[in-house]
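Work through these short exercises with the model open. Try each task before reading its solution.

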Amino acid sequence: MPGMPIPSDHPLLLRIVDDLAEHGWSQQELFVPQDLTLALAAECRLRHAQGELAPAAVGRGPSQEIREGIRGDRIQWIETGEAASCDRYMTIMDSLREALNRGLFLGLEDFECHFALYPPGSVYLRHLDRFRDDDRRMVSAVLYLNDADWSEEDGGQLRMYLQGDTAYDVQPMGGTLVVFLSGEVPHEVMPAQRNRLSLTGWFRRRGNEPF
Ligand code: OGA
Ligand code: MN
């Protein structure tokens, strides 16, 4: 069972839509039920233990390369039908996709996401979630999967650069979801003292297909 769909006019989803319209980003603590956060965290750890997470690359297409100084996370893309927890999350994100389309007319077609694990000390330097040759990514959504005892001293903040280049830090607490416009909010991942876990994804619109 993929889990109960939530209606796209759920107050939590509408709040995210309003935040994005007003500010270009949104942060929600306890976005998903805690049992789902725990199940996703266990799934991420299991895949890591089985050696399924691989170093993430920078760029796209032929210019793609692994450069740990720029981006040090290890990732695995998620497919439906692999784990009940992932399917449940995808169902929730599909409701968010519908809510975004209704409220902001973004024409979002799908949601792609991957588990990410940043080993201690690794970072992702300041960037935008847009590729020069592929502008389908419209909205980024990161769900953190760290334990409840994660503290500020553990680091690993997501640093977003908002209007006027003001830095705003999100603590990567398990269950927190941060959503932002992919092409408009520069951001970076600060180094952490421990393995930092997340489920990172993008809502995409249809690409410009050649005739
Ligand atoms: C990314 C990214 C942010 C985070 O994967 O593009 O910016 O907090 N992740 O993990
Ligand atoms: Mn990013």
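**Exercise 1. The largest pocket**

What volume does the largest pocket have? Find also which residues lie closest to its centre.

Solution. This is a predicted model. Start with the volume: the largest pocket has about 810 Å³. Next, take the lining, which counts 39 residues. The closest to the pocket centre are V58, G59, R71, Y124 and F131. Now sort the lining by class: 18 residues are nonpolar, nine are polar and twelve are charged. Last, trace the strands. At least two lining residues come from each of β3 (74-77), β4 (108-118), β5, β6, β10 and β11.

**Exercise 2. Placing the ligand**

Where does ligand 1 sit? List the residues that surround ligand 1.

Solution. First, the site: ligand 1 sits in the largest pocket. Second, the shell. A residue belongs if one of its heavy atoms lies within 4 Å of the ligand. The residues around ligand 1 are Y124, H127, D129, V142, Y144, L158, H187, V189, R196, S198, T200 and W202. Third, the classes: six of these shell residues are nonpolar, four polar and two charged.

**Exercise 3. Strands in the shell**

Which strand gives the most to the shell around ligand 1?

Solution. Begin with the strands that each supply at least two shell residues: β5 (124-127), β6 (137-144), β10 (187-189) and β11 (196-205). Then rank them. β11 gives the most, with four residues.

**Exercise 4. Polar contacts and cover**

Which side chains place a polar atom 3.2 Å, 2.5 Å and 2.8 Å from an oxygen atom of ligand 1?

Solution. The cut-off for a polar contact is 3.5 Å between N or O atoms. Take the distances in turn. At 3.2 Å from a ligand oxygen lies a polar side-chain atom of D129. At 2.5 Å, the polar side-chain atom belongs to Y144. At 2.8 Å, it belongs to R196. Now add the cover: on its own, ligand 1 has 290 Å² of accessible area, and the protein covers 98% of that.

**Exercise 5. The second largest pocket**

How many residues line the second largest pocket, and which lie nearest its centre?

Solution. Start with the space: the second largest pocket holds about 190 Å³. Then count the lining, which has 14 residues. Nearest the centre are Q34, T37, N146, A148 and G174. Finish with the classes: seven lining residues are nonpolar, five polar and two charged.

Key. Residues are numbered from 1 along each chain as its sequence is written. Chains are lettered from A and ligands numbered from 1 in the order in which they are written. This is a predicted model: local features need pLDDT of at least 70, side-chain atom pairs count only at pLDDT 80 or more; totals for chains, interfaces and linings use all residues. Side-chain values use heavy atoms; hydrogens and water are left out. A polar contact is a pair of N or O atoms within 3.5 Å; within protein, one must be able to donate a hydrogen and the other to accept it, and residues adjacent in sequence count only if both atoms are side-chain atoms. Accessible areas come from the Shrake-Rupley method with a 1.4 Å probe; for residues, only the protein chains shown count as cover. On a 1 Å grid over the protein atoms alone, a cavity is a set of points where a 1.4 Å probe fits but cannot get out, and a pocket is an open set with protein on both sides within 12 Å along at least five of seven lines; lining residues have an atom within 4 Å of a point. A molecule sits in a cavity or pocket if more than half of its atoms lie within 2 Å of its grid points. Ala, Val, Leu, Ile, Met, Phe, Trp, Tyr, Cys and Pro count as nonpolar, Asp, Glu, Lys and Arg as charged, and the others, Gly among them, as polar. Grid points are joined across faces, edges and corners, and a volume is the space filled by probe spheres set on the points.
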